[in-house]
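Here's a friendly walk through one protein model, written for someone meeting it for the first time. Have a look at the picture, then read on.

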Amino acid sequence: MSDDTPITLLPDSPVVQREGITKSISGDSVTQETWRKKRAAAYGVTQLQRAEDGSEYEIVNGVRVTHYN
């Protein structure tokens, strides 16, 4: 997968439907490179939040990212 590959939401995906994701990304889609750089820049800097199931998560570029540590 190259860095210029856009990351887009697949609303018909069973996983997206199971997780109840209804928000679509407005504007230009995020590329693999942008996502990778923002995710790496946020690592260890962001204050993690605790979910009801005990896992921790952060919000990166408007997307919830769960940490399973």
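## Starting at the hairpin

Let's begin at a turn: β4 and β5 form a hairpin with two residues between the strands, and there N61 takes a positive phi near 55°. Keep in mind as you look around that this is a predicted model.

Now for the sheet around that hairpin. Three strands make up an open sheet, ordered β3-β4-β5, with antiparallel pairing. β3 and β5 (63-67) are at the edges with a single partner strand each, so each has one side left without a neighbour in the sheet. What holds the strands side by side? Between β4 and β5 there are five bridges, and the two run antiparallel. In this pairing, I59 sits opposite R64 in β5. Over on the other side, β3 is joined to strand β4 (residues 56-60) by two bridges, again in antiparallel fashion. Here R50 is found opposite E56 in β4.

## Charges that meet

How many salt bridges does a search of the whole structure find? The count is three. As a general point, side chains of opposite charge can pair when their charged atoms come close. Here are the pairs, with their N to O distances:

| Salt bridge | Distance (N to O) |
|---|---|
| R36 and D3 | 2.8 Å |
| E33 and K37 | 2.9 Å |
| R50 and E56 | 3.2 Å |

Take R36 and D3, whose side chains meet in a salt bridge. That pair ties together distant parts of the chain, since R36 is in helix α2 while D3 is in the segment before β1 (6-7), 33 residues apart. R36 counts as partly exposed, at 38% relative accessibility, and D3 is also partly exposed, at 33%.

E33 and K37 are another story. They're four residues apart in helix α2, so about one helical turn separates them. E33 is partly exposed with a relative accessible area of 31%, and K37 is partly exposed too, with 47%.

Then there's R50 with E56, the pair you've already met as opposite residues in the sheet. Is each partner buried or exposed? R50 counts as exposed at 58% relative accessibility, whereas E56 is partly exposed at 24%.

One more charged side chain deserves a look: R64 lies over the face of Y57, 3.7 Å from the ring centre. As for rings paired with rings, searching the whole structure turns up zero aromatic pairs.

## Inside and outside

Which residues form the largest nonpolar core? It has five of them: V30, W35, A42, V60 and V65. One of these, A42, touches E58 and V60, leaving aside residues up to four places away in sequence. V60 is therefore a contact of A42 as well as a fellow member of that core, whose residues are buried by definition.

For a contrast, head to Q47. You'll find Q47 in the loop between α2 (32-42) and β3 (49-50). Buried or exposed, where does Q47 stand? With a relative accessible area of 69%, Q47 is exposed, because anything over 50% counts that way. Q47 also has a link back to E58: the two are eleven residues apart in sequence, and 7.3 Å apart in space from C-alpha to C-alpha. E58 is also one of the residues that A42 touches.

How values were computed: Residues numbered from 1 in each chain as written. Predicted model: local features only at pLDDT ≥ 70, side-chain atom pairs only at ≥ 80, totals over all residues. Heavy atoms only, no water. Core = buried A, V, L, I, M, F, W, Y, C linked by side-chain atoms within 4.5 Å. Buried < 20%, exposed > 50% of the residue type's maximum accessible area, 1.4 Å probe, protein only. Contact = heavy atoms within 4.5 Å. Phe/Tyr/Trp six-rings, centres within 6.5 Å; stacked < 30°, edge-to-face > 60°. Lys NZ or Arg CZ within 6 Å of the ring centre and 35° of its normal. Salt bridge = Lys/Arg side-chain N within 4 Å of Asp/Glu carboxyl O. Pairing = 2+ DSSP bridges.
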